[in-house]
Amino acid sequence: PQKTSFHRSQTLGYKNGFAFSRLPTVGIGGERLYVNQLSQAELDELSNVRPTLTYGQAKQAPPSGFIPAHVAFDKKILKFDAYFQEDVPLSAEEHYRIRQVCIYYYLEDDSMSVIEPVVQNSGLPQGKLIRRHRVPKNDHGDHYHWKDLNRGMNITMYGRTYRIVDCDPFTQVFLESQGIELNPPEEMVFDPYTELHRMPARKYVTPSDFDQLKQFLTYDKQVLRFYAMWDDTDNMFGENRPYIIHYYLADDTVEVREVYKQNDGRDPFPILIKRQRLPKTFMEKKKTFPSCVLEISDQEVLEWYTAKDFAVGKSTTLLGRTFFIYDCDEFTRNFYRDKFGITDFQPVEIKKKPLEEVPQVIPPYNGFGFLEDSLQNCFSLLPKPPRKDIIKMLENHHKVLRYQVALESPNPEDRKRRFILSYFLSNDMISIYEPPVRNSGIIGGKYLGKTRVAKPGSTADNAMYYEPSDLTIGSTIEVFGHRFVITDADEYVLNYMESNAESFPAATLQSLRDHFRPRQVVKETANSDIATIGTSKQELDELIRQVQEELKLHKSLNNKNIREAFLQCNKDGSGMLDKAKFLALCDSLGVPTKAFLVNKLIDLCSCEDKINYHDF
């Protein structure tokens, strides 16, 4: 922390106009450097003990005689035995070639040469492969030196890699005298093609006592017949297929013929394996043996199939296929009984494996289309439309239950939106329509097309859809993630459910009756008041006509605006408004409530302190 100077010392100076370098005296932080620096006391001590001050200048020995390199190393050559591998791309008999060379290193001028011994009738340009010169070691201008050579190493000269395996005794003595540790020698590699074509040692084979002519004359036209099965049911589209195996005693050949049945759908190609000798045990093959293109000969086979390898009740593998022999003919039984003493020829009953029933796995529903319609794609490549209940469609044609629903949303603007939910009894589908409201900022129209709506928690295996019994006043239904609350219903819904009360729960019917009871009371009261006043239907029609004639003078009135204002003020959807709120709303809309005819019409639509704005 006490250091304040952290720069490096200046090491470049000028004296008499010439630049010279000097060693720094202090390091970073201003500390004195003791490396390569001597203090004045040390310099004085060294000056006092210098031997030249005491004894004078030391005498030097005369230099030894100079011997040039071309004289000292004249005719001294290092010899290394090496080889390199050469590819043979256009030959079916050999893939590479080994060529042996001698590498000479001339000590007098550090030059090298590579000589290949000439082989007679080799067909190759041999002799001097690399002339004597200094061989470059890399791209930086370096050349090979005798220090770079050793046994058991690879050396690359002009793109060709040589493997050094040994050296002569002079080279070994010279390198060891120079302190180089030599690697152990390696064996020289020979060309495999050349070794293969050397004259092999003559072998004498004693002919066997087996007489093929005698076998042919004895067993000509005698054939053993076996009935076999090939079980291929483990593979895809595999099956049990019957075959007939013929063994010809005249030349020990085997033939496998297929058994065809009428209308089996197979091409008439009767022979599966043509008549030939079949190998049973092969010799160990070399890796380079192209077995796929050569015919099998006696040199590659240790044992061939004979008559002893076939027996009833046993399996036999012929050219990779396993055949189970379950029976044979009468001539074959007699031959085995006389030749081998076998008496057990009990046929084996072949039982067909029962087909494994693969369970049909229905994939999960992906949400596209109707569930029943999409399910048909899992049953057939040409799906058929699901069957419809025609009787139900004819009985309930044009029968629609309509409900008024409100959107349940945390957004206050969406809570004010009203929708018409229509339930079609003919196909149990639901559609939702939003009536347009002027200046609401929301485009009305079709909200949901006709479709079947599943209940929450419904799965593809157990699909449950909304029914009329689930649509009660005040209940909440979930339609594709949106929740709606039923606030009102059409009077036709109540009339339809009362006429078919046995098909609906009592709770659903009672909720509709409780909802429509205030309206019925209002209607009955209004009818009684009209009867009490003595106003007949003709008088009521006359009153309505007079009111319409009077309201025509007020051109600013709009029936649609008045209806929308009443609907917005009626929060509960009962159709009834307080008289004071009704009169205030009419005054704001410009309705002349103080007129006699209009006031009389309001009295006819009032019930106690409430007014039915639908009747008005």
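Begin by selecting helix α4, residues 169-177, together with strand β3 (77-87) and strand β8: in this predicted model, the helix lies across both strands and runs at about 110° to β3.

Keeping β3 and β8 on screen, add the strands that belong with them, and an open sheet of six strands appears, whose order is β6-β5-β4-β3-β8-β7 and whose pairing is antiparallel. To find its borders, select residues 127-133 for β6 and residues 153-157 for β7, since these are the edge strands and each of them pairs on one side only. If you turn the view to look along the strands, bear in mind that neighbouring strands of this sheet are turned by 30° against each other on average, with direction ignored. As a general point, strands of a sheet pair through backbone hydrogen bonds, either parallel or antiparallel.

Next, stay at the β7 border and add residues 160-167, which form strand β8; the two strands run antiparallel, and five bridges join them. A useful pair to label here is N154 and R163, because the former stands opposite the latter, which is in β8.

Now move to strand β5, residues 111-116, and select S111, which lies in that strand. Is S111 buried or exposed? With a relative accessibility of 2%, S111 falls under the 20% cut-off and therefore counts as buried. Show side chains at this point, and you will find that the side chain of S111 makes a polar contact with the side chain of R132, at 2.9 Å. Expanding the selection around S111, and leaving aside residues up to four places away in sequence, brings in the residues that S111 touches, namely Y104, Y105 and Y106 together with R132, H133 and R134.

Finally, zoom out until the entire protein chain is in view, with its 16 helices and 25 strands. The radius of gyration is 57 Å, well over the 25 Å that the globule rule gives for 616 residues, so the protein chain is more spread out than a compact globule. Viewed along the principal axes, the C-alpha atoms fill a box of roughly 160 × 125 × 40 Å. Colouring by accessibility would set apart the 28% of the 616 residues that count as buried, while the accessible surface of the protein chain comes to about 44,000 Å², 53% of which belongs to carbon and sulfur atoms. Should you wish to draw contacts as well, 48% of those between residues at least 6 apart in sequence join residues at least 24 apart.

Note on methods. Residues numbered from 1 in each chain as written. Predicted model: local features only at pLDDT ≥ 70, side-chain atom pairs only at ≥ 80, totals over all residues. Heavy atoms only, no water. Helix = DSSP H or I, 4+ residues; strand = E, 2+ residues; numbered from the N terminus. Axes fitted to C-alpha atoms, helices over the stretch in contact; angles between N-to-C directions. Contact = heavy atoms within 4.5 Å. Rg over C-alpha atoms; globule rule 2.2 N^0.38 Å. Buried < 20%, exposed > 50% of the residue type's maximum accessible area, 1.4 Å probe, protein only. Areas by Shrake-Rupley, 256 points an atom, 1.4 Å probe, with all protein chains shown as cover. Polar contact = N/O pair within 3.5 Å; in protein donor to acceptor, adjacent residues only side chain to side chain.
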